[in-house]
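Reader: Please take a close look at one part of this model. I want the sheet of one chain and what surrounds it, with cut-offs stated.

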Amino acid sequence: MTDKASDTIDFGYKKVAKNAKQGLVADVFHSVAGKYDVMNDVMSFGIHRLWKRYTIDCSGVRAGQKVLDIAGGTGDLTEQFSRRVGPQGEVVLADINNSMLSVGRDRLRNRGIVGNVSYVQANAEELPFADDTFDIITIAFGLRNVTDKSKALASMLRVLKPGGRLLVLEFSKPTHEMLNQAYDFYSFNVLPKMGQLIAGDADSYQYLAESIRMHPDQDTLKGMMEAVGFEQVSYDNLTGGIVALHRGYKF
Amino acid sequence: MRLLSLVPLLLIERCLNDLLALDDASDERLQSLQGKRLRVELEELGQPLTAAVHGRQVVLSSADTDAVDCTIRTRLAVLPELQDTANITRLIKADALDIDGDIMLAQQFSQLFLQLDIDWETQLAQRIGDVPAHWLGSVFKRSQSWLKQQTKDQQQWLQEVLVEEKRVLVGKTEFDIVKTQLQELRARIDRLERRWREQESS
């Protein structure tokens with residue numbers, strides 16, 4: 001580890017060595033994997049289902065397409081994509097975290113989602129797929145935890161087919177000041193306590209709140225997507241900007 | 001706002017799919033619609049509604065802006081009129097309806113629900129058990145046939161009052177007799193007329 005600023009990266013509000021972030025994020029998700037779904041419902045009051053459904057509706061997914069769900073975690077998006085691409089299509093659920101991947105795999109198999117879903121443990125920065133492979137790539141609540149976001153976006157652009165689209169669903173910056181304050185209070189006072197109560201892990205949820213604040217806001221992320229080569233980049237604010245859905249195309 | 005409008009949509013979608021799952025014949029109808037997409041733009045709704053069939057489910061969306069197989073632009077009040085295909089040309093001419101794409105598709109979508117034939121007694125039996133379901137079913141059938149009998153009796157009574165007591169209308173037999181007599185009279189007149197013309201000319 002070195003003290004040089006260029007070699008460090010944010011981990012929540014802390015600065016850590018670049019090569020350490022991946023391991024630290026992994027620890028967070030190893031810790032919460034089992035309770036991940038319950039916590040999502042509790043923390044977002046179930047609204048995360050609507051955010052994800054909106055993402056699917058915007059994806060334009062058709063039967064027979066190939067979809068990559070990066071940081072797919074417990075497989076919420078994969079499940080819906082799997083139904084929509086049908087037996088001729090394919091959905092790849094990729095997650096860097098082994099614990100999350102196995103929770104997702106078990107959950108989907110229990111729900112009878114088999115046949116057109118495969119599971120890959122992969123780093124978003126170096127996706128292990130050939131160029132021009134996927135029609136749609138989604139990354140829902142995952143980009144925040146990636147160490148080098150631009151590198152990850154470039155990697156996604158590479159594996160996307162020409163004409164394909166990337167959908168980034170991620171926490172963002174609320175557009176109203178009042179909402180912003182209420183949201184801050186909720187994130188730093190209520191959230192870690194709920195994390196402690198339900199998942200027995202306050203630190204992971206403290207990290208969650210901090211990492212959301214450190215994540216680039218709507219326009220910055222839009223700029224980053226354009227910088228690596230995505231075209232017609234646009235975003236929709238959902239729930240007052242607490243979450244934003246960014247869309248970009250490869251032509 | 002985007003998300004709020006999703007809530008009723010998801011509830012409706014759930015109900016529709018639950019209904020479809022109750023009828024075994026739905027699978028066949030869904031099969032012919034596989035991958036097809038229909039968009040309805042109602043003036044009253046403000047945002048387009050897209051329906052698509054994926055596997056054994058109908059999926060509704062208000063955010064979907066991708067290409068569809070058929071788009072219908074109209075007003076809520078016009079929808080019931082679309083049941084009859086004969087109306088379509090007239091509605092288009094009256095600017096009350098605009099169709100882009102395959103019109104048959106729209107009808108197939110509506111048939112999906114109009115042709116639903118659900119065996120409620122079987123469905124009920126799976127939920128509350130065979131005996132109560134059978135009892136409810138037979139109560140329903142009995143009340144239905146009672147209702148039918150009552151309507152028939154009432155009609156019979158009304159008929160008797162009008163024909164026999166008040167003599168406002170004539171009965172069928174009486175009418176038939178008069179009709180036959182009239183026809184015979186007509187025939188006799190015709191014969192007489194012919195004979196008269198023959199004698200006149202000779």
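Author: Here is the sheet of chain B, followed by the contact with chain A.

The model is predicted: local features need pLDDT of at least 70, side-chain atom pairs count only at pLDDT 80 or more, and totals for chains, interfaces and linings use all residues. Residues are numbered from 1 along each chain as its sequence is written, and chains are lettered from A in the order in which they are written.

Five strands of chain B form an open sheet. Their order is β3-β2-β1-β4-β5, with mixed pairing. Strands here are DSSP runs (E, at least two residues), helices likewise (H or I, at least four), numbered from the N terminus. Two strands pair if DSSP finds at least two bridges between them. The edges are β3 and β5 (97-101) of chain B, and each pairs on one side only. Neighbouring strands are turned by 15° against each other on average, direction ignored. Axes are lines fitted to C-alpha atoms, and angles run from 0 to 180 degrees between N-to-C directions.

Now one edge. Strand β2 (residues 49-54) of chain B pairs with β3(B) in the antiparallel sense, over five bridges. B:Ala51 has B:Leu60 of β3(B) as its bridge partner.

The contact between the chains takes 12 residues from chain B and 14 residues from chain A. Contact means C-beta atoms, placed from the backbone, within 7 Å. On the chain B side, α1 (6-22) and β3 (57-61) each give two or more residues. So edge strand β3 of chain B also belongs to the side that touches chain A.

Key. Contact = placed C-beta atoms within 7 Å.
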